[in-house]
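Colleague: I should be grateful for a close look at the salt bridges in this structure. Please take each pair in turn and describe where its partners lie.

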Amino acid sequence: MISKEELNPHNYPTSPSIDLNLEVLLTRINKVRLAWNRPMTVTSGLRSLAQQQLLIAEGKSNASKSHHLTGEAVDIYDPDKALAAWTKDNLMLMTEIGLWMESFDSTP
């Protein structure tokens with residue numbers, strides 16, 4: 001299971017709304033984890049504004065209002081695209097869980 005600490009590994013300061021968003025995200029991503037039945041590694045969860053601005057400056061993001069800033073986004077390590085393929089095959093379940101994914105064609 002993914003832990004709350006994995007969604008905020010840098011222990012960035014939060015607010016009540018960010019804490020709520022992280023709890024909702026944690027519940028939803030763990031539902032995916034249970035359904036997929038494979039380990040999942042978080043590569044990015046909550047970000048600070050400074051971290052997001054650095055990613056933009058490095059050309060690694062173009063989202064000045066990223067959902068990572070509000071605790072509503074998580075990136076999962078998927079080098080062989082197995083999770084991407086699984087989510088494409090399980091779109092109805094993803095809808096039921098309440099998660100959406102960025103386009104796999106534009107976001108590695």
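Modeller: In this predicted model, a salt bridge joins the side chains of glutamate 23 and lysine 4, with 3.2 Å from N to O. Glutamate 23 belongs to helix α2 (residues 16-36) and lysine 4 to helix α1 (residues 4-7), so this pair ties together parts that lie 19 residues apart in sequence. Glutamate 23 is partly exposed, its relative accessible area being 37%. Lysine 4 also counts as partly exposed, at 33% relative accessibility.

A further salt bridge is formed by aspartate 75 and arginine 47, whose closest N and O atoms are 3.2 Å apart. This pair links distant parts of the chain, 28 residues apart: aspartate 75 is in strand β2 (residues 75-76), whereas arginine 47 is in the loop between β1 (42-44) and α3 (49-57). With a relative accessible area of 10%, arginine 47 is buried, because that value is under 20%. Its partner, aspartate 75, counts as partly exposed at 30% relative accessibility.

There remains the pair of lysine 60 and glutamate 58, whose side chains meet in a salt bridge at 3.4 Å from N to O. Lysine 60 has a relative accessible area of 63%, and it is therefore exposed, the cut-off being over 50%. Glutamate 58 is partly exposed, with a relative accessible area of 43%.

The count of salt bridges thus comes to three. As a general principle, side chains of opposite charge can pair when their charged atoms come close.

Conventions:
Residues numbered from 1 in each chain as written. Predicted model: local features only at pLDDT ≥ 70, side-chain atom pairs only at ≥ 80, totals over all residues. Heavy atoms only, no water. Salt bridge = Lys/Arg side-chain N within 4 Å of Asp/Glu carboxyl O. Helix = DSSP H or I, 4+ residues; strand = E, 2+ residues; numbered from the N terminus. Buried < 20%, exposed > 50% of the residue type's maximum accessible area, 1.4 Å probe, protein only.
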